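Subject: A structure for you to look at

Hello,

Here is the structure I promised to pass on to you. Have a look at it first, and then read on for what I found in it.

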Amino acid sequence: MSNKTTEPAIVKSGIKAVAELAGVGIASVSRVLSGQPGSSPQMTQRVMDAARQLGYAPNVLAQSLRRRATHSIGFVGSDINNPLIASIVSGAESVLSVAKYSVLLTNSGGDPGVDAQRIDVLLQRQVDGLIVLPALEDDPATLAALRGAQAPVVLIDRTLPSDIGAHYVLSDHFQGLGDAGRHLLQAGHSRIGLVVGLDVRPTRERIRGVEAAFDSLGLARNLIVHRGRLSPEHGEQAIEELLSGENPPSAVILGGNQLLEGALRAVHRRNLTLGVDLSLVSCDDLPLCRLHHPPIATVMRDTALLGRRAAELLLAQLREPGATDPELMPTWFEARASCGPFVGSASTSAASPGAKKRAKQGPSISSK
DNA sequence: ATGTGCCAAGCCTACGCTTT
DNA sequence: AAAGCGTAGGCTTGGCACAT
């Protein structure tokens, strides 16, 4: 018969133990450690010494229970495998961690049903606020879940019915895609293919931006829009279908970085040289865009800034709730060799001089 | 007036007691 | 035996009361 006692591996010191060791009341320990005024220097010293001696750290769950606030923020991302989302999360976390908030990250994989489920789980966990990037803007389950939220909600790049009472950080896709469209049209392209995702705000704004490019130059809207769920497969299939048509476009804009991989597969399979046989513009800068030969022209945006602003907006709401106007963050077009030699004078003011120079030089390296 | 302690509240769960 | 119900316990903090 073994006589060994089963001691717990870790002895947790609660506020009771600190109070006992310091010879004071529990409430006094709480007052001292939370920095409230009104404790004598002797009492303060005794409590601090006892807490240090016991390695005391407040029980976060108990604090949350008492304060009715968990100091945690829920993030519902549509696809955390996407570097774009990772960058947004990273930006948000950098702000929230400074404010002593933890981020609970969930991934819906772009599935609206999962969006609603994740939102519910985060709300059950009593998060103090939500940053959401849902797959759709009109999914009934997602809207119902958000309507039930007692916590402030910040949407990134999505707009929802006004009764949700959410706050918005949006990207100005209209501007960036408009600049890209104008650049291509002034370079001599007359027919443009636009591959986009499902019917959410970025898709609508991207289409509107390219249409406005035609309008601004007094040209007929010779635009073929190819819709689908943003994925490499959609990118590949869209390029195949656009280029197999009777009157294929000479330039294609990809309205989503998830499309690029598949689009390039189709381009390579067809032995096309980007910037010569086909001009290609992508959205959101991936390392692949710069490493590819020739480099791929891109509509850029500061995704980390998007996350930071969303977090700042949420923190402001936690301090002082109230209505806010949507915040519009800039996008800009960076011309690179994949969209061929630059011959016109399109408004590409945001493009770097280096990018313009490279574009002017034309495609120097084959994509084959 | 200042410093300190007591108590209730916050939410959930395990446990024990009572009733069916 | 199963079901239903009440209570205690976990930890912290704000409000109030009391002692000095």
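Before the sheet, a word on pairing: two strands count as a pair if DSSP finds at least two bridges between them. Please also keep in mind that this is a predicted model.

**The sheet**

With that in hand, you can trace an open sheet of 6 strands, in the order β2-β1-β3-β4-β5-β11, with parallel pairing. At its edges are β2 (102–107) and β11 (327–329), each of which pairs on one side only. On average, neighbouring strands of this sheet are turned by 15° against each other, direction ignored.

A good place to start is β1, which covers residues 72–77 and pairs with β2 in the parallel sense over 6 bridges. There, Gly74 stands opposite Leu104 of β2. β1 is also joined to β3, by 4 bridges, and these two strands run parallel. For this pair you can look at Val76, whose bridge partner in β3 is Val132.

β3 (residues 129–132) is covered on both faces. Gly129 and Ile131 are buried on one side, while Leu130 and Val132 are buried on the other. As general background, side chains in a regular strand alternate between the two faces of the sheet. Moving on along the sheet, 3 bridges join β3 to β4 (residues 153–156), again in parallel. Here Leu130 stands opposite Val153 in β4.

**The domains**

How is chain A divided? The assignment gives domain 1 (15–58), domain 2 (70–171 + 305–329) and domain 3 (173–300 + 331–361). Between domain 1 and domain 3, the C-alpha centres lie 63 Å apart.

**DNA strand B**

Now to the DNA. Around DNA strand B there are 13 residues, and those that come nearest are Gly25, Ala27, Ser28, Arg31 and Arg68. Two of these names are worth a closer look. In Ser28, a side-chain N or O atom is 2.7 Å from a phosphate oxygen of DNA strand B. Arg31, in turn, has a polar side-chain atom 2.8 Å from a base nitrogen of that strand.

If you count the atoms of DNA strand B within 4 Å of the protein, 57% belong to sugar or phosphate and the rest to bases. On the protein side, α2 (26–33) and α4 (60–67) each supply at least two residues of the surface near this strand. By type, the residues of that surface are 5 nonpolar, 5 polar and 3 charged.

**DNA strand C**

Which residues come nearest to DNA strand C? Of the 14 around it, they are Ile15, Gln36, Tyr56, Asn59 and Arg66. Sugar and phosphate make up 75% of the atoms of DNA strand C that come within 4 Å of the protein.

Several contacts to phosphate oxygens of DNA strand C can be picked out. Ile15 uses a backbone N or O atom, at 2.7 Å. For Tyr56 it is an N or O atom of the side chain, at 2.8 Å. Ser30 likewise has a side-chain N or O atom 2.9 Å from a phosphate oxygen of this strand.

α2 and α4 turn up here too, each with at least two residues of the surface near DNA strand C. The residues of this surface divide into 6 nonpolar, 5 polar and 3 charged.

Enjoy exploring it, and do write back with any questions.

Best wishes

How values were computed
Residues are numbered from 1 along each chain as its sequence is written. Chains are lettered from A and ligands numbered from 1 in the order in which they are written. This is a predicted model: local features need pLDDT of at least 70, side-chain atom pairs count only at pLDDT 80 or more; totals for chains, interfaces and linings use all residues. Side-chain values use heavy atoms; hydrogens and water are left out. A residue is near a molecule or strand if one of its heavy atoms lies within 4 Å of it. A polar contact is a pair of N or O atoms within 3.5 Å; within protein, one must be able to donate a hydrogen and the other to accept it, and residues adjacent in sequence count only if both atoms are side-chain atoms. Ala, Val, Leu, Ile, Met, Phe, Trp, Tyr, Cys and Pro count as nonpolar, Asp, Glu, Lys and Arg as charged, and the others, Gly among them, as polar. Axes are lines fitted to C-alpha atoms, for helices over the stretch in contact, and angles run from 0 to 180 degrees between N-to-C directions. Domain bounds come from an automatic or database domain assignment. Buried means under 20% relative accessible area, exposed over 50%, partly exposed in between (1.4 Å probe, protein chains only).
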